[in-house]
Amino acid sequence: MQMKELMVRTIYCEMLGYEASFSYIHAIKLAQQGSVLEKRVGYLAVSLFLNESHELLLLLVNTVLKDLQSTNLIEVCMALTVVSQMFPKDMIPAILPLVEEKLNHPKEIIRRKAVLALYKFYLIAPNQVQHIHNKFRKALCDKDPGVMTASLHIYLQMIQENPEGYKDLTASFVTILKQVVGGKLPMDFNYHSVPAPWLQIQLLRILSLLGKNDQSNFV
């Protein structure tokens with residue numbers, strides 16, 4: 001408990017501009033060995049202190065692998081959050097199967113975080129996730145709107161790079177947009193009574209890319 005409190009104070013020190021690099025290794029240890037609450041603080045500190053090229057991050061890889069296989073929902077969430085924020089590029093092959101597996105998890109928050117982790121992988125190592133595009137499509141059709149929304153980040157990126165390869169999904173994106181505008185999503189997605197405005201913008205950006213110089217899919 002004392003280490004947790006000290007770590008919170010160290011976070012404040014770094015936020016105020018004071019270097020606290022002496023505490024980085026202790027943040028990793030807290031994420032590795034602490035209780036669930038202490039692990040949360042440790043993971044938070046690591047995500048604030050380190051970047052994906054920091055040498056100390058390698059010490060956290062085994063902990064992330066272990067937590068991804070945990071039966072504790074909170075531990076899995078924490079591991080996926082760190083993975084989606086920063087993870088050594090050369091360690092992606094070791095962790096990718098576990099993240100893929102979470103796309104079928106019964107809890108929507110796990111599926112959503114798994115999609116965001118894969119989005120991060122796509123940004124930093126696109127060749128390593130080429131084989132799971134069909135699973136992205138499954139996420140797009142997920143019954144939870146949060147998972148579907150998360151998948152749009154990946155699709156926007158892929159369609160910007162290769163719009164021709166995703167024209168067959170135009171009807172799906174149009175259908176989703178109609179559902180959003182029609183107020184079919186939960187009220188949590190509304191902003192000042194406007195149905196999911198950021199989601200609408202993202203869908204319009206995707207459709208504009210798919211329809212550029214080719215209006216045939218919209219007739």
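1. D144 lies in the loop that runs between helix 8 (133-140) and helix 9, and in this predicted model the residue is buried, because its relative accessible area is 16% and the cut-off for buried is under 20%. Once its neighbours within four places in sequence are set aside, D144 is in contact with E108, R111 and R112. If you also look for V194, you will find that D144 and V194 are 50 residues apart in sequence, while their C-alpha atoms are 20 Å apart in space.

2. K102 is another loop residue to look at, placed between helix 6 (92-101) and helix 7 (108-124). Is K102 buried or exposed? With a relative accessible area of 5%, K102 is buried, and, not counting residues up to four places away in sequence, K102 touches L68, V76, I110, R111 and A114. R111 therefore deserves a second glance on the screen, since R111 appears among the contacts of K102 and also among those of D144, under the definition of contact as heavy atoms within 4.5 Å.

3. S23 belongs to the loop between helix 1 and helix 2, and with a relative accessible area of 3% S23 is buried. Leaving aside the neighbours within four places in sequence, the residues in contact with S23 are M7, T10 and F49. The C-alpha atom of S23 is separated by 9.3 Å from that of I11, a residue twelve places away along the chain.

4. Helix 2 (residues 24-33) has five residues that should be viewed together, for Y24, A27, I28, L30 and A31 are buried. Why do they lie on the same side of helix 2? They do so because they cover an arc of only 160° around the axis. As for their partners, the buried residues of helix 2 pack against helix 1 (2-15), helix 3 (36-49) and helix 4 (61-68).

5. Two packed helices are described by the angle between their axes and the distance between the axes. For helix 3 and helix 5 (residues 73-85), the angle is about 5° and the axes are 10 Å apart, and because angles under 35 degrees count as roughly parallel, the two helices are roughly parallel to each other. On the side of helix 3 the contact is made by V36, K39, R40, Y43 and S47, and on the side of helix 5 by I74, E75, M78, A79, V82 and Q85. By character, the residues of this contact divide into six nonpolar, two polar and three charged.

6. The largest nonpolar core has 70 residues, and those with the most contacts inside it are L118 and F173. Helix 9 (residues 145-161) supplies the largest share of this core, namely nine residues. Apart from its neighbours within four places in sequence, L118 is in contact with L96, V99, L103, V129, I132, F136 and I154. As a general background, nonpolar side chains tend to be buried together in soluble globular proteins.

7. Turning finally to the whole chain, the secondary structure comes to eleven helices and zero strands, and the C-alpha trace spans about 65 × 40 × 35 Å along its principal axes. Of the 219 residues in the chain, 46% are buried. Among contacts between residues at least 6 apart in sequence, 64% join residues at least 24 apart.

Terms used. Residues are numbered from 1 along each chain as its sequence is written. This is a predicted model: local features need pLDDT of at least 70, side-chain atom pairs count only at pLDDT 80 or more; totals for chains, interfaces and linings use all residues. Side-chain values use heavy atoms; hydrogens and water are left out. Buried means under 20% relative accessible area, exposed over 50%, partly exposed in between (1.4 Å probe, protein chains only). Helices (H or I, at least four residues) and strands (E, at least two) are DSSP runs, numbered from the N terminus. The arc is that of the directions from the helix axis to the C-beta atoms. A nonpolar core is a set of buried Ala, Val, Leu, Ile, Met, Phe, Trp, Tyr and Cys residues joined through side-chain atoms within 4.5 Å. Axes are lines fitted to C-alpha atoms, for helices over the stretch in contact, and angles run from 0 to 180 degrees between N-to-C directions. Angles under 35 degrees count as roughly parallel, over 145 as roughly antiparallel, 65 to 115 as roughly perpendicular and the rest as oblique. Ala, Val, Leu, Ile, Met, Phe, Trp, Tyr, Cys and Pro count as nonpolar, Asp, Glu, Lys and Arg as charged, and the others, Gly among them, as polar.
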